[in-house]
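Colleague: I have the model open next to me and would like to go through it with you. Could we begin with one of the helices and then move on to how the chains meet?
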There are 2 protein chains.
Amino acid sequence: MTMLRVHNLAVSLDGFATGEGLTFDAPFGHAGGRLMQWFFPTRAFVAMSGHDGESVGAGTRGVDDSFAAATSVGIGAEIMGRGKFGPQTGPWTDDGWRGWWGEEPPFHSPVVVLTHHPREDLAVGETTFLFRDLSPRDALDLAIEQAGGLDVRLGGGPTVVREFLAADLVDHLHVVVTPILLGRGVRVWDGLEGLEERFDVETTASPSGVVHYVFTRKPR
Amino acid sequence: MTMLRVHNLAVSLDGFATGEGLTFDAPFGHAGGRLMQWFFPTRAFVAMSGHDGESVGAGTRGVDDSFAAATSVGIGAEIMGRGKFGPQTGPWTDDGWRGWWGEEPPFHSPVVVLTHHPREDLAVGETTFLFRDLSPRDALDLAIEQAGGLDVRLGGGPTVVREFLAADLVDHLHVVVTPILLGRGVRVWDGLEGLEERFDVETTASPSGVVHYVFTRKPR
């Protein structure tokens, strides 16, 4: 049974998953890197970002890394919002944009990019981006088809995650609450009153100061 | 050095410290008792509410109780908003209202009740309520004067806590995050962007599912 999984959704204590004033140079706006500080030291991130060349196995291996490492296990496809693929909005004016990730994006699988402005599929390294204008349900069906029997990851951003949660399509939701108050930005939790009734919730505090919440969908 | 302390401020994962639709019968509105479920089984609450007559020492003694028990230690006075004292708003029409707590309120100390409608001081058991129209700074000065060298507790509700945090008067802030989404109600964190910069923050997950945050004011 294919699951739809969200991993590493970083949220401030006041419920913002990204800041205000997103630009090319500041993809999290005024939040900067603060929501992901727990992530950067982990072995999983160091390995993913290819910075461990001189030091094999560099990075922490504690609870933060354990959660980070689970991100890629058993995933056959990803769904993301267009805002995660690039900073542009409206009709595509620059088909030369190939995402933030260089010539070998960390997905290594098909990625369904949700956009009201479809364009040609784009292969970059082992990743193929499929730009589609689809409802959450239809996007999930396409991603399942692409995933070859493995799970599908819902990669964000927060607005996309919120839409899929509202449509009750998410089976596994991993949220990381960082003890900072952003004050403004994009809220994750709006319109999801009573969400916890559909999930079992497990809570783990990390020595790094963040709290990991795992929401596991109850059997339907 | 007298400290101003907040204890047991219960907040939903989406940042609401009370629900919508507060009434006499539903002081937390649609939140009901859900924000305080962690508190009711503790030895501290059982003892405070006088329900342990037949079973001395009843109640849990884990981490939730440890935090709950700290609430009263070394406190000489409390400050609360009028909404915590009673459900009325506007000019007092019923001086017969003596609070929610019966003939022996759990404060056993002077309590400064912040209201735009002062009335006569009111003694109930060992507690004296002082109804005053004061700024946060002036309310704190009065409470310090009343506290006889002990600390002052800021008892809520959330709007009052927010005002004192904004005025940078709080030394100790204990927040309990419950993994539910209320969706609506009174937000605690609004207007407090960057609060964490003024505090050291410690995080503890309880087996009950709540997370205790302790904010300790950095030396000025």
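Modeller: Gladly; in helix α2 (residues 63–70) of chain B, the buried residues are Asp64(B), Asp65(B), Phe67(B) and Ala68(B), where buried is used for a residue with 20 or more other C-beta atoms within 10 Å of its own, the C-beta atoms being placed from the backbone. Helices (H or I, at least four residues) and strands (E, at least two) are DSSP runs, numbered from the N terminus.

Colleague: Where do those buried residues sit around the axis of α2(B)?

Modeller: They lie on the same side of α2(B), because the arc they cover around the axis is only 160°, taking the arc as that of the directions from the helix axis to the C-beta atoms.

Colleague: And what do the buried residues of α2(B) pack against?

Modeller: They pack against β1 (4–12), α1 (43–48), β8 (172–178) and β11 (211–217) of chain B; two residues are in contact if their C-beta atoms, placed from the backbone, lie within 7 Å.

Colleague: Before we go on, what should I know about the source of all this?

Modeller: This is a predicted model, in which local features need pLDDT of at least 70 and side-chain atom pairs count only at pLDDT 80 or more, while totals for chains, interfaces and linings use all residues. Residues are numbered from 1 along each chain as its sequence is written, and chains are lettered from A and ligands numbered from 1 in the order in which they are written.

Colleague: What is the average pLDDT of chain A?

Modeller: Chain A averages 93, with 97% of the residues scoring at least 70; pLDDT is the predictor's confidence in each residue, from 0 to 100. For the complex, the predictor gives an ipTM of 0.89 and a pTM of 0.92.

Colleague: Changing topic, which strands run parallel to β3(A)?

Modeller: Strand β3 (residues 75–81) of chain A, with five of its seven residues buried, pairs in the parallel sense with β7 (residues 151–154) over four bridges, and four bridges also join β3(A) to the parallel strand β4 (residues 110–114). Pairing requires that DSSP find at least two bridges between the strands. Ile75(A) stands opposite Asp151(A) in β7(A), and Gly81(A) stands opposite Leu114(A) in β4(A).

Colleague: How many residues of chain A are in contact with chain B?

Modeller: 22 residues of chain A are in contact with 22 residues of chain B, and β10 (199–205) of chain A gives the most to that side, with four residues.

Conventions: Buried ≥ 20, exposed ≤ 12 C-beta atoms within 10 Å, placed from the backbone.
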